[in-house]
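Let's take a walk through this model together, starting from the inside and working outwards. Keep the 3D view open and turn it as we go.

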Amino acid sequence: MLMNAAMYLRYGPPEVLAMAEVARPEPRDDEVRIAIRATTATAACGLMRRGDTALARIVLGPLRPRRRFRILGTEFAGVIDAVGSKVTRFRPGDRVYGFTGMKAGAYAEYVCLSETASIAPAPAGVSDLEAATLVDGPTTALYFLRDRAHLRPGARLAIVGASGSIGTAAVQIARYLGAHVTAVCSGKNAELVRSLGAHEVIDYTLRDYTAQGHRYDVVFDTVGKSAFRQASRCLVDGGTYLVTVGGLSVLVLDLLTRGFSRTRLSFGFSVEKREALREVAMLTEAGVLRPVIDRQYPLAQIAEAHRYVETGRKRGNVVIAVAER
């Protein structure tokens, strides 16, 4: 049996993504097969597609992507299509959403994952397209704000890139955690972030958020557009600068600022998202979180979706509808 998938055989611009027919995967004894209904185009997938960092080439392949990485896509929503003989957590027909991590593979009609992978029942009351957008952004925001920064009620927080995928989720989760939220984004997105719960908005095209006289307990840079030295100017003593994007230098700063600086840089990532996905589903069903979708594309137009993401102008998420064969 064959399936449709968007593949890339070499690193490069969005045009390297092309539709192809490939063998439909069969689940092993401990795996489930998911019929994917929706996925997303993200900056992270763009980085993998370009292969323009040393770390990406080490992981994905030095000259071209290794065979197992040639189908991108990390977020998905869909339906369990088949299960292996030892699977007990899911059964065919279950509606799920999840994260493939470095395995990628969500730019296809089907993907197989271990039943213990980052998969959870999809939130009730949202479409598959909406569910796909509630994977990485909200779970990353939870991980950084709650688990890394230990955000408390009344804490003052600045979110850089507040109108993006992680940023829109972070605004909502920070309000849920009781923080005072300052959103840093372009002026055209001010109304959006206010509607999500931001108390204040700073238009980065007009003002430097670090030079406004405000002091923050936490600065959360969701897009890697600021720097630790810059953010430290507006952090209180003992304050934390959270960053989701970085390389070796950021890892070194994370280590050096543990006990050797009045402010702290915290960098990391969470690949295991199963429990976080269950929490996100509960928050969504409780009305705490709502999905933010900018544009929708069919899988056949995945290159165009990547081109739009690379403009840096997306609001929330760019979602991909994966049509059934």
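Of the 49 residues in the largest nonpolar core, which touch the most other members? They are Tyr97, Leu145, Leu151, Leu157 and Phe220. Bear in mind while you look at them that this is a predicted model. If you ask which helix gives the most to this core, the answer is α5, residues 165–176, with six residues. Apart from that core lies another one, made of 44 residues, including Ala6, Ile34, Ile36 and Phe76. As background, nonpolar side chains in soluble globular proteins tend to be buried together.

Now swing round to helix α4, because there's plenty to see there. Its buried residues are Gly137, Pro138, Thr139, Thr140, Ala141, Leu142, Tyr143, Phe144 and Leu145. The last of these, Leu145, is also one of the core residues picked out above. Helix α4 covers residues 136–148, and its axis comes within 9 Å of the axis of helix α9, residues 274–285. The two axes cross at roughly 105 degrees. An angle from 65 to 115 degrees counts as roughly perpendicular, so that is the label for α4 and α9.

Who does the touching? On the α4 side the contact is made by Pro138, Thr139, Leu142 and Arg146, and on the α9 side by Ala276, Leu277, Glu279 and Val280. Sorted by class, this contact has five nonpolar residues, one polar residue and two charged ones.

Stay at this spot for a salt bridge: the side chains of Lys273 and Asp136 meet with N and O 3.0 Å apart. Asp136 belongs to helix α4, while Lys273 sits in the loop between β13 (264–267) and α9, so the bridge links distant parts of the chain, 137 residues apart. Are the two partners buried or exposed? Lys273 counts as buried, at 1% relative accessibility. Asp136 is partly exposed, with a relative accessible area of 22%. The cut-off for buried is under 20%, which is why Asp136, at 22%, isn't called buried.

Further along, Arg146, which we met in the contact with α9, pairs with Asp147 in another salt bridge, N to O 2.9 Å. Both partners count as partly exposed: Asp147 at 37% relative accessibility and Arg146 at 28%. Elsewhere, salt bridges that share partners join Arg24, Glu26, Arg33 and Asp81 into one network. In general, side chains of opposite charge can pair when their charged atoms come close.

One more pair deserves a look. Arg50 forms a salt bridge with Glu310, and their closest N and O atoms are 2.8 Å apart. Arg50 lies in helix α1 (residues 43–50) and Glu310 in the loop between α10 (302–309) and β15 (317–321), so this bridge ties together parts that are 260 residues apart in sequence. Arg50 is partly exposed, with a relative accessible area of 30%, and Glu310 is partly exposed too, at 38%. Altogether, the model's salt bridges come to 15.

Next, head for strand β5, residues 95–99, and find Gly98. Gly98 is buried, with a relative accessible area of 0%. What is Gly98 in contact with, leaving aside its neighbours within four places in sequence? The list is Thr74, Glu75, Phe76, Ser118, Ile119, Val135 and Leu277. Two of these names should ring a bell: Phe76 is in the 44-residue core, and Leu277 takes part in the contact of α9 with α4. As for Thr74, its C-alpha is 8.2 Å from that of Gly98, with the two positions 24 residues apart in sequence numbering.

Finally, a couple of backbone oddities. Ala104 has a phi near 55 degrees, a positive value in a residue other than glycine. You'll find Ala104 in the loop between β5 and β6 (110–114), where it counts as buried at 0% relative accessibility. His150 isn't a glycine either, and its phi is also positive, at about 50 degrees. His150 comes just after α4, in the loop that leads to β8 (156–160). At 45% relative accessibility, His150 counts as partly exposed.

Conventions. Residues are numbered from 1 along each chain as its sequence is written. This is a predicted model: local features need pLDDT of at least 70, side-chain atom pairs count only at pLDDT 80 or more; totals for chains, interfaces and linings use all residues. Side-chain values use heavy atoms; hydrogens and water are left out. Axes are lines fitted to C-alpha atoms, for helices over the stretch in contact, and angles run from 0 to 180 degrees between N-to-C directions. Helices (H or I, at least four residues) and strands (E, at least two) are DSSP runs, numbered from the N terminus. Angles under 35 degrees count as roughly parallel, over 145 as roughly antiparallel, 65 to 115 as roughly perpendicular and the rest as oblique. Contact means heavy atoms within 4.5 Å. Ala, Val, Leu, Ile, Met, Phe, Trp, Tyr, Cys and Pro count as nonpolar, Asp, Glu, Lys and Arg as charged, and the others, Gly among them, as polar. A nonpolar core is a set of buried Ala, Val, Leu, Ile, Met, Phe, Trp, Tyr and Cys residues joined through side-chain atoms within 4.5 Å. Buried means under 20% relative accessible area, exposed over 50%, partly exposed in between (1.4 Å probe, protein chains only). A salt bridge is a side-chain nitrogen of Lys or Arg within 4 Å of a carboxyl oxygen of Asp or Glu.
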